[in-house]
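Me: I should like a close look at one part of this structure, namely its paired charged side chains and the helices that carry them. Please describe that part in one connected account, and explain the reasoning where a classification is involved.

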Amino acid sequence: MTTISFNHNNPKPNNIHHQKGLIIEEIEGLIKVYKDGHVERPQIVPNISCKFPSENGVTSRDITINKEINLWTRVYLPTSTLTSHNNNKLPLVVYFHGGGFCVGSVSWICYHEFLNNLALKANCVVVSVNYRLAPENRLPSAYDDAFNALMWIKHEALYNKNQSWWLKHCNISSLFLSGDSAGANIAYNVIAARNVSSCLNPLSLKGVILIQPFFGGEERTNSEKHFHQPQNSALSLSVSDTYWRLSLPIGVSITRDHPYCNPLANGIAKLRDLRIPSIMICVSELDILRDRNLEFSNCLVKAGKKVETFVYRNVGHAFQVLHNYQPSHVRTQEMISHIKNFLNQ
C-alpha cells in the first residue's frame with residue numbers, strides 16, 4: 001500500500017516571480033502555471049508500468065485509443081478469469097481518475113494499486129481512462145476524451161469482442177461508469193451533457209459510481225466554510241478554487257455555477273432527464289465536499305432517481321488512493337465491498 005502526502009492547504013499566492021518567469025497559479029507540489037502558458041507538474045506521485053509484477057492476481061495492460069492526443073487506457077482483468085473454464089462474464093467498470101482535472105494519471109501508483117484491488121475484490125474488469133489535463137486542455141476536453149473512450153469500447157464490442165483479450169470476459173449488458181473526485185465529475189457530465197446512455201448499444205449502462213464527486217458553486221456549503229483540513233489532505237477550499245480557475249472554460253460569464261461545476265445551479269429539473277438506472281455516491285465524512293455531495297444525492301432522490309449513498313467515517317477526500325488517514329485502509333475495503341454489491345445487484 002502506497003502512502004502519498006501532499007502539503008498544499010495554503011497554496012502560494014498568485015503572481016509569484018520565478019527564475020523561469022511569472023507564476024500565475026500554483027498548487028504546491030502538484031502544478032505550476034506560468035504567465036507564458038508553460039505548465040510544470042512535479043512528479044510527487046510515482047508512475048508505475050502496467051508490466052510491474054502483480055501480487056494480487058490481476059493482469060493489466062495499456063491500450064492506446066488515440067495517439068495524437070495521448071488518449072489511452074489501462075485495463076485490469078482478474079487473472080482467475082483467464083484460467084477459468086466457466087463462461088461467467090464480469091461487470092465492466094470504466095474509471096476516470098481524480099486530480100482536479102489538472103493533475104493525475106492512470107499510471108500513478110496509487111491509482112494502479114487501488115484499481116488492481118478493485119478488479120480483484122469486486123471481481124470486475126476495469127478500464128481506467130487517461131484523459132487530457134487542464135489548463136492546457138480545459139473542459140470539456142476531459143469529457144470529450146471520456147466520450148471517445150466509451151465509443152472506442154462500443155466499437156470493440158461491435159467488431160472485436162471475441163478477439164479482445166479482455167472484452168470477451170465482460171458482460172456488456174453490465175456497464176458502469178465510475179471515478180473519484182474530478183473523475184466522478186467526468187462520469188456524471190458525460191451522461192448529463194452527452195446523453196451517452198442512448199448511443200452505447202450493444203453496451204448497456206447499468207449504473208454510475210461517483211466517489212467524492214468534485215462539484216462546486218459560488219455559494220459555499222458549511223463543510224467548505226468550516227472544515228479545516230490537515231496538512232496531508234488531498235483537497236482544501238483554496239486548492240479547489242485553483243483547480244476550477246484552471247479547468248473551467250475561459251469567459252467573462254464563467255463562474256463556479258457553470259453546469260460543468262455545479263449540477264444544481266439551475267435546480268433539479270435537469271436531473272429528472274438523466275438516463276441512469278442506478279447511482280452510487282461515496283462521501284467522505286471529513287471532506288470539504290461532504291455537504292455538496294450529500295445535497296447532490298438528496299436532489300437526485302427528489303428527482304426520482306435510484307440512489308445509494310455511503311458516508312465513510314473519519315476519512316477525508318481521496319482516502320482510498322492516498323492512505324493519509326489511519327482508518328483509510330479499513331474504509332477502502334468497505335468501499336470496495338459496497339461497490340461489489342452495487343455491481344451485482
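Reply: The side chains of Arg331 and Glu334 meet in a salt bridge, with 3.0 Å from N to O. The model in which this pair is found is a predicted one. Side chains of opposite charge can pair when their charged atoms come close. Both Arg331 and Glu334 belong to helix H10, where they are 3 residues apart, or about one turn of the helix. Their surroundings can be described by relative accessibility. Arg331 has a value of 16%, so it counts as buried, since buried means under 20%. Glu334, with a relative accessible area of 30%, is partly exposed.

The helix that holds this pair also packs against another helix. Helix H10 covers residues 328-343, and helix H2 covers residues 109-121; the two pack at an angle of about 45°, and their axes are 10 Å apart. This angle makes H2 oblique to H10. The crossing in which H2 passes H10 is right-handed. On the H2 side, the contact is made by Phe114, Asn117, Leu118 and Lys121. On the H10 side, Thr332, Gln333, Met335, Ile336, Ile339 and Lys340 take part. Sorted by class, the contact of H2 with H10 has 5 nonpolar, 3 polar and 2 charged residues.

Another residue of helix H2 deserves attention, namely Ala119. Its relative accessibility is 0%, so Ala119 counts as buried. Leaving aside residues up to four places away in sequence, Ala119 touches Val58, Tyr76, Pro78, Cys124 and Val126.

The pair in H10 is one example among several, for the structure holds 11 salt bridges. A second example joins Asp144 and Arg194, whose side chains meet at 2.6 Å from N to O. Asp144 lies in helix H3 (residues 141-159) and Arg194 in helix H4 (residues 182-194), so this pair ties together parts that are 50 residues apart in sequence. As for accessibility, Asp144 counts as partly exposed at 27%, and Arg194 likewise counts as partly exposed at 27%.

The two helices tied by this pair also pack against each other. The axes of H3 and H4 come within 9 Å and cross at roughly 80°. H3 and H4 are therefore roughly perpendicular to each other. From H3, the contact involves Ala142, Tyr143, Asp144, Ala146, Phe147 and Leu150. From H4, it involves Asn185, Ile186, Asn189, Val190 and Arg194. Asp144 and Arg194, which form the salt bridge, are thus both among the residues of this contact. By class, the residues of the contact of H3 with H4 divide into 7 nonpolar, 2 polar and 2 charged.

The chain before H3 has a feature of its own. Leu139 and Pro140 are joined by a cis peptide bond, with omega at about 20°. Pro140 is placed in the loop between strand E8 (125-130) and H3. A further cis peptide bond runs from Asn201 to Pro202, with omega near 15°. Pro202 is found in the loop between H4 and E10.

A third salt bridge lies in loops. Arg256 forms a salt bridge with Glu218, and the closest N and O atoms are 4.0 Å apart. This pair links distant parts of the chain, 38 residues apart. Arg256 is in the loop between helix H6 (237-247) and helix H7 (269-272). Glu218 is in the loop between strand E10 (205-211) and helix H5 (222-226). At 17% relative accessibility, Arg256 counts as buried. Glu218, by contrast, is partly exposed, with a relative accessible area of 39%. The pair is part of a wider arrangement, in which Glu218, Arg220, Asp241 and Arg256 are linked in a network of salt bridges.

Taken together, the three pairs may be set out by location. Arg331 and Glu334 share helix H10. Asp144 and Arg194 tie helix H3 to helix H4. Arg256 and Glu218 link two loops.

Notes: Residues are numbered from 1 along each chain as its sequence is written. This is a predicted model: local features need pLDDT of at least 70, side-chain atom pairs count only at pLDDT 80 or more; totals for chains, interfaces and linings use all residues. Side-chain values use heavy atoms; hydrogens and water are left out. Axes are lines fitted to C-alpha atoms, for helices over the stretch in contact, and angles run from 0 to 180 degrees between N-to-C directions. Helices (H or I, at least four residues) and strands (E, at least two) are DSSP runs, numbered from the N terminus. Angles under 35 degrees count as roughly parallel, over 145 as roughly antiparallel, 65 to 115 as roughly perpendicular and the rest as oblique. A crossing is left-handed if the near helix is turned anticlockwise from the far one by less than a right angle, and right-handed if clockwise. Contact means heavy atoms within 4.5 Å. Ala, Val, Leu, Ile, Met, Phe, Trp, Tyr, Cys and Pro count as nonpolar, Asp, Glu, Lys and Arg as charged, and the others, Gly among them, as polar. Buried means under 20% relative accessible area, exposed over 50%, partly exposed in between (1.4 Å probe, protein chains only).
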